[in-house]
Amino acid sequence: DLARQWRAEPLIPGLAIVRQPCDVRNPACLADVVGQVSFALERDAGFAARVAARSVQAWARTPVEERAALLERAADRMEADMPRLLGVIVREAGKSLPNAITEVREAVDFLRYYAAEARRTLAADCQPLGAVVCISPWNFPLSIFTGQIAAALVTGNTVLAKPAEETPLIAAEGVRILHEAGVPREVLLFVPGDGKIGAALVAAPETAAVM
């Protein structure tokens, strides 16, 4: 949808400050403005880490079956939304259409795989690590981004999702789908930004693990 302007911004419960947006351009056609992103600030990262850490125990008490079902619901939504997601991936990441199709399919596979493995392997009293930072690469902006998040969530951890700064728009769509599937906003926080934001998330004392 070339007429649509996509949008990505920090999704951190309790943070209502609007950050300055900047354009995200198609790397294959720089005249094509795909949308706009507002990056988090370093102090936002610290605030997000504290929110995620406070939410761990409540999320960990959610039954494994329920967490797995949320991932499967997100997989169904992602498949149904594939045409729209393909447009974002092609324009934002510069991928070919066949490659973008593979990207979405792999993201769906990750959601279903981790749901199945959680049911198969996790004991009811399995304890999470805590708040997990997930930093994804630009070349797999939806599949690896989704796989990291799915693995952390289904094992009872809360997630601080920091996509590659080049591809925040498709990452924001992935987070939107997971939220719509029922993952609480205080459990999956979206913290777009550059390398300084990633470093701040990793350095936060509340961070228990990093992907």
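The following conversation goes through strands, aromatic pairs, a pocket and some single residues of a predicted model.

Biologist: In which sense do strands β2 and β3 pair, and over how many bridges?
Modeller: Strand β2 covers residues 21–26 and strand β3 covers residues 29–38, and a hairpin of two residues joins β2 to β3. One bridge sets P21 against S38 in β3. The pairing of β2 with β3 is antiparallel, and the number of bridges is six.

Biologist: Is strand β5 largely enclosed by the rest of the structure or exposed?
Modeller: Residues T158, L160 and K162 point one way from β5, while V159 and A161 point the other way, and all are buried. Because five of the five residues of β5 (residues 158–162) are buried, the strand is largely enclosed by the rest of the structure.

Biologist: Which residue stands opposite K162 of β5?
Modeller: Strand β4 (residues 131–135) and β5 run parallel, and five bridges join them. With helix α6, these two strands make a right-handed β-α-β unit. The residue that stands opposite K162 is I135.

Biologist: Which residue of β6 stands opposite L160, and through which helix does the chain cross from β5 to β6?
Modeller: β5 and β6 run parallel and are joined by three bridges, and within this pairing L160 stands opposite L189 in β6. The β-α-β crossover that takes the chain from β5 to β6 is right-handed, and the helix through which it passes is α7 (residues 168–180).

Biologist: How many aromatic pairs does a search of the whole structure find, and why is the pair of Y113 and Y114 called edge-to-face?
Modeller: The search of the whole structure finds three aromatic pairs. For Y113 and Y114, the ring centres lie 5.2 Å apart and the planes stand at 70 degrees. An angle over 60 degrees counts as edge-to-face, so the Y113 and Y114 pair, with its planes at 70 degrees, is edge-to-face.

Biologist: Are Y113 and Y114 buried or partly exposed, and which residues form a cluster with them through ring pairs?
Modeller: Y113 has a relative accessibility of 45% and therefore counts as partly exposed. Y114, at 23% relative accessibility, also counts as partly exposed, since the buried class requires a value under 20%. Ring pairs link these two tyrosines into a cluster with one further residue, F110.

Biologist: What are the geometry and the sequence separation of the pair formed by F145 and F190?
Modeller: The rings of F145 and F190 lie 6.5 Å apart, centre to centre, with 85 degrees between their planes, and the pair is edge-to-face. F145 belongs to helix α6 (residues 143–154) and F190 to strand β6 (residues 188–190), so that the pair links distant parts of the chain. Both F145 and F190 are buried, and their separation along the chain is 45 residues.

Biologist: What is the volume of the largest pocket, and which residues are the closest to its centre?
Modeller: The largest pocket has a volume of about 160 Å³. Its lining consists of 13 residues, which by class are seven nonpolar, three polar and three charged. Helices α2 (56–60) and α3 (64–80) each supply at least two residues of this lining. The residues closest to the centre of the pocket are A60, R61, R67, A124 and C126.

Biologist: Is T146 buried or exposed, and what separates it from A161 in space?
Modeller: T146 is found in helix α6, and its relative accessible area of 2% means that T146 is buried. T146 and A161 are 15 residues apart in sequence, and their C-alpha separation is 9.5 Å.

Biologist: How far apart in space are the C-alpha atoms of V202 and A45?
Modeller: V202 lies in helix α8 (residues 195–203) and, with a relative accessible area of 41%, is partly exposed. Along the chain V202 and A45 are 157 residues apart, whereas the separation of their C-alpha atoms is 9.3 Å.

Biologist: How far apart in space are A118 and P141?
Modeller: A118 has its place in helix α5 (residues 97–121) and is buried, with a relative accessible area of 4%. A118 and P141 are 23 residues apart in sequence, and from C-alpha to C-alpha their distance in space is 24 Å.

Key
Residues are numbered from 1 along each chain as its sequence is written. This is a predicted model: local features need pLDDT of at least 70, side-chain atom pairs count only at pLDDT 80 or more; totals for chains, interfaces and linings use all residues. Side-chain values use heavy atoms; hydrogens and water are left out. On a 1 Å grid over the protein atoms alone, a cavity is a set of points where a 1.4 Å probe fits but cannot get out, and a pocket is an open set with protein on both sides within 12 Å along at least five of seven lines; lining residues have an atom within 4 Å of a point. Grid points are joined across faces, edges and corners, and a volume is the space filled by probe spheres set on the points. Helices (H or I, at least four residues) and strands (E, at least two) are DSSP runs, numbered from the N terminus. Ala, Val, Leu, Ile, Met, Phe, Trp, Tyr, Cys and Pro count as nonpolar, Asp, Glu, Lys and Arg as charged, and the others, Gly among them, as polar. Rings of Phe, Tyr and Trp (its six-membered ring) pair if their centres lie within 6.5 Å; planes under 30 degrees apart count as stacked, over 60 as edge-to-face and the rest as tilted. Buried means under 20% relative accessible area, exposed over 50%, partly exposed in between (1.4 Å probe, protein chains only). Two strands pair if DSSP finds at least two bridges between them. A crossover is right-handed if, with the strands pointing away from the viewer, the path from the first strand over the helix to the second runs clockwise.
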